[in-house]
Amino acid sequence: MGLFSRKKPKIKITSTKKDGFSGWLKCTHCTELIHANELEKNSSCCPKCDYHYRLSVEERIQSLTDPDTFNELFQNLESVDALQFVDTESYTKRLANAKQKAERNDAIVVGECLIKGIPTALGVLDFNFMGGSMGSVVGEKLTLLIEHAEAQGTSLVIVSTSGGARMQESTLSLMQMAKTSQALAKLHEKGLPYISILTNPTTGGVTASFAALGDIIIAEPNALICFAGPRVIEQILGKPLPPGAQQSEFLLEHGMIDLIVKRHDLKNKLAEILEFVTANTKQQNEEEATPVTVNSFVSELKETHANRRNHS
């Protein structure tokens, strides 16, 4: 009988469902589908809406510095549980987990590098290490970097992304606000420029100290920049915040930051500013001429930005 003698169709049947990652992601901002490879090639910015995703420390350093010029400094410092702090788990255990996850000793990497050929002292906070929180080691490394920039006579650039001061170190972490601020005051007295770059998010004690003390403050688009988060403020006020409050565009409009620069343009803009202020400082030292101030340069940049916005 032909019905029963017919050969079975060669159909491959899978008994288990493969759950592998296909490479497609949904943008958290515009909800459009994007591929991981496309996102990587676009400096971790959404190609549809230009939403800026968080970069790792290595990616940030690579995006800002000239190839093979970054030399890490002060790598031997590690946090300790001086207060024997315990919440849901001990601080010692949290540190061990953070070191394993981030593959570094603490929440910051500092060093010296070249940016478009300009010698620069660079610090980059790591949000993967306990939310980029500032403890004693972060404050000490930053202070040492600032003093190194002062000794070498170079410009200073710090890239911030942080949840604020590290609660597990209590007053010890809060004192880092004063320490880093004092070191920056001495750098300012020497006439050396400090450029602060704020990325998403920059909050708490970091915002309230070194991140807000730059001679020029640059932010990435749509970055959350604040002391206390929007939910906390709304609970205190009992009413919602204005649209876009605590984001970089709102802060630019209200004068807290100087520039908003997209990630693709950040290295070139940074080099432009460094070249200007470095040449200006050199001219002042060699000829004792009265230089154009950093503030006037910021005003010029703001005017250019405003003109572009009006034309667009």
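A search of the whole structure finds 14 salt bridges, a salt bridge being a side-chain nitrogen of Lys or Arg within 4 Å of a carboxyl oxygen of Asp or Glu. The structure is a predicted model, in which local features need pLDDT of at least 70 and side-chain atom pairs count only at pLDDT 80 or more, while totals for chains, interfaces and linings use all residues. Residues are numbered from 1 along each chain as its sequence is written, and side-chain values use heavy atoms, with hydrogens and water left out.

The chain as a whole comes next. Its secondary structure comes to eleven helices and nine strands. These are DSSP runs numbered from the N terminus, with helices being H or I of at least four residues and strands being E of at least two. The chain has 312 residues, and 42% of them count as buried. Buried means under 20% relative accessible area, exposed means over 50%, and partly exposed lies in between (1.4 Å probe, protein chains only). Contacts, defined as heavy atoms within 4.5 Å, often span long stretches of sequence: among those between residues at least 6 apart, 67% join residues at least 24 apart. The chain exposes about 17800 Å², and carbon and sulfur atoms supply 52% of this area. Accessible areas come from the Shrake-Rupley method with a 1.4 Å probe; for residues, only the protein chains shown count as cover.

Several salt bridges can be described singly. The side chains of Lys262 and Asp50 meet in one of them, at 3.5 Å from N to O. This pair links distant parts of the chain, 212 residues apart. Lys262 lies in the loop between β9 (259-260) and α10 (263-287), and Asp50 in the loop between α2 (36-41) and α3 (57-64). Lys262 counts as partly exposed, at 44% relative accessibility.

A salt bridge also joins the side chains of Arg104 and Glu58, at 2.4 Å from N to O. Arg104 lies in the loop between α4 and β4 and Glu58 in helix α3, so the pair ties together parts 46 residues apart in sequence. Arg104 counts as buried at 14% relative accessibility, whereas Glu58 is partly exposed at 47%.

Within helix α10, Lys269 and Glu272 lie three residues apart, about one turn of the helix. Their side chains meet in a salt bridge of 3.2 Å, N to O. Lys269 is buried, with a relative accessible area of 19%. Glu272 is partly exposed, with 35%. Elsewhere, Asp87, Glu89, Lys93 and Arg94 are linked in a network of salt bridges.

Helix packing was examined next. Two packed helices are described by the angle between their axes and the distance between the axes. Helix α5 (residues 136-152) and helix α6 (residues 170-189) pack at an angle of about 5°, with their axes 9 Å apart. Axes are lines fitted to C-alpha atoms, for helices over the stretch in contact, and angles run from 0 to 180 degrees between N-to-C directions. The helices α5 and α6 are therefore roughly parallel to each other. Residues of α5 that make the contact include Leu142, Ile146 and Ala149, and those of α6 include Leu172, Ala183 and Leu187. Angles under 35 degrees count as roughly parallel, over 145 as roughly antiparallel, 65 to 115 as roughly perpendicular and the rest as oblique.

Gly191 is found in the loop between α6 and β7. Gly191 counts as partly exposed, at 40% relative accessibility. Its C-alpha atom is separated by 9.2 Å from that of Gly153, although the two residues are 38 apart along the chain.

Backbone geometry shows some departures from the general pattern. Most residues other than glycine have a negative phi, and most peptide bonds are trans. The peptide bond from Asn200 to Pro201 is cis, with omega near -10°. Pro201 has its place in strand β7 (residues 194-202). Gln84 has a positive phi, near 50°. Gln84 lies in the loop between β3 (71-73) and α4 (91-102) and counts as exposed at 62% relative accessibility. Phi is also positive for Glu103, near 60°. Glu103 lies in the loop between α4 and β4 (108-115) and is exposed, with a relative accessible area of 71%.

On the surface, Val232, Ile236 and Leu237 make a nonpolar patch of about 290 Å². Patches are made of residues with over 30% relative accessible area and no salt bridge; like charges are joined within 9 Å, and nonpolar side chains (Val, Leu, Ile, Met, Phe, Trp, Tyr) within 5 Å. Val232 is found in helix α8 (residues 230-237) and counts as partly exposed at 40% relative accessibility.
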